[in-house]
Amino acid sequence: FHNVAGIPMLDETLFDTTSSMGTNVKFAFDSLPKMYALLTEGTHPVFGRYDPQLINAIFGDVVDNFVLARTQAEMDEKIAEQLTLMVPEGGGGDAPEDPEYGLFGATFLTDAFINRYGLKGYHTLVTDAPSHGRIDEANLVRVFGPEVFAKIEENGHVINKNDLPDTKGIVDELKKRMHAFMISVGSHSASYWVRAYGAEHVV
C-alpha cells in the first residue's frame, strides 16, 4: 500500500505588518506562498509524510482598524488566494504591538487534527517589537466575535474572562500543542521574547 496523502500537518506563520516592519512586509508576502513548496518538494521534503495545511496571519495594534487577519488552513493555490484577501494596514500606534490575539487564536481557537495523534504542529511569530503583554475581553470579542468564550469551551479549554492569561501564559499553552518559535527582526526585542518563549525558541 502507498499512502498518497498523510495526516494533516498544521504550520502557521503570524506576521507583524505594522509600519515599523517597512519593506519586510512585502518580503513576507512574496515568500509565504513559497513555504508550501519548501515543505513539500524535493527528494526528502520536510513534510513529506504529511498533508501540509498552512495558516498565514497578519497582525497590528489594538489602536488599528484591524488587529488580526488570519486565513483558514489551506493547501496549494488556496494559500495564495487567501493571501490576496489580506491587506496590511501598516499602522501600529506605538512600539509595542499586539500579536497576543493571533497567539490566542492559535492556542485556544484552533482544532488541529495533528494534535489528536499526540503530535504537534508548527507556529512561528515574526515581529520587530515587543508586545503589550496582555489581552482584554473587549478586544477578544472585537477580534473573534461575541461567541469567543463559547468557542474556547468547545475546543476543550477553560478560560476565566476575569483572569485572562498574559503573553507567556498564552505561549506556554501554545507550546503544548505546537512547536512554537519566534523570529525577531532586528535584535532590540529579542530579550523580551526570550522571556516568553525561552532562548531555544527565539531566532
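The largest nonpolar core of this structure holds 40 residues, and Trp 193 and Tyr 197 have the most contacts inside it. The model is a predicted one. Its strands include five that form an open sheet with mixed pairing, and a search of the whole structure finds seven aromatic pairs.

**Nonpolar cores**

- At least two residues of the 40-residue core come from each of β1 (8–16), α2 (35–40), β2 (51–59), α4 (100–108), α6 (148–154), α7 (167–174), β5 (178–184) and α8 (190–197).
- The largest share of this core is supplied by α4, with five residues.
- Another core, of 10 residues, lies apart from it; Phe 15, Ala 28, Leu 83 and Val 126 are among its members.
- In soluble globular proteins, nonpolar side chains tend to be buried together.

**Surroundings of Tyr 197**

- Leaving aside residues up to four places away in sequence, Tyr 197 touches Leu 103, Leu 125, Val 171, Lys 175, Ala 180, Phe 181, Met 182 and Val 202.
- Tyr 197 is also one of the two residues named for the most contacts inside the largest core.

**The sheet**

- The strand order is β3-β2-β1-β4-β5.
- β3 (68–70) and β5 are the edge strands, each pairing on one side only.
- On average, neighbouring strands are turned by 15 degrees against each other, with direction ignored.
- β1 and β4 (residues 121–127) run parallel and are joined by five bridges.
- Within β4, Val 126 is the residue opposite Phe 15; both Phe 15 and Val 126 belong to the 10-residue core.
- Helix α4 packs on the sheet, where it touches β1, β3 and β4. The direction of α4 makes about 35 degrees with that of β3.

**Aromatic rings**

- Of the seven aromatic pairs, one joins Phe 113 and Tyr 117: the ring centres are 5.7 Å apart and the planes stand at 55 degrees, so this pair is tilted.
- Phe 113 counts as partly exposed because its relative accessibility is 35%.
- Tyr 117 has a relative accessible area of 46% and is therefore partly exposed as well.
- Tyr 192 and Trp 193 form an edge-to-face pair, with 4.9 Å from centre to centre and 85 degrees between the planes. Both Tyr 192 and Trp 193 are buried.
- Phe 47, Tyr 50 and Tyr 122 are linked into a cluster by ring pairs.

**Charge over a ring**

- Lys 161 places its charged end over the ring of Phe 149, at 4.8 Å from the ring centre.

Note on methods. Residues are numbered from 1 along each chain as its sequence is written. This is a predicted model: local features need pLDDT of at least 70, side-chain atom pairs count only at pLDDT 80 or more; totals for chains, interfaces and linings use all residues. Side-chain values use heavy atoms; hydrogens and water are left out. A nonpolar core is a set of buried Ala, Val, Leu, Ile, Met, Phe, Trp, Tyr and Cys residues joined through side-chain atoms within 4.5 Å. Buried means under 20% relative accessible area, exposed over 50%, partly exposed in between (1.4 Å probe, protein chains only). Helices (H or I, at least four residues) and strands (E, at least two) are DSSP runs, numbered from the N terminus. Contact means heavy atoms within 4.5 Å. Rings of Phe, Tyr and Trp (its six-membered ring) pair if their centres lie within 6.5 Å; planes under 30 degrees apart count as stacked, over 60 as edge-to-face and the rest as tilted. A charge sits over a ring if NZ of Lys or CZ of Arg is within 6 Å of the ring centre and within 35 degrees of the ring normal. Two strands pair if DSSP finds at least two bridges between them. Axes are lines fitted to C-alpha atoms, for helices over the stretch in contact, and angles run from 0 to 180 degrees between N-to-C directions.
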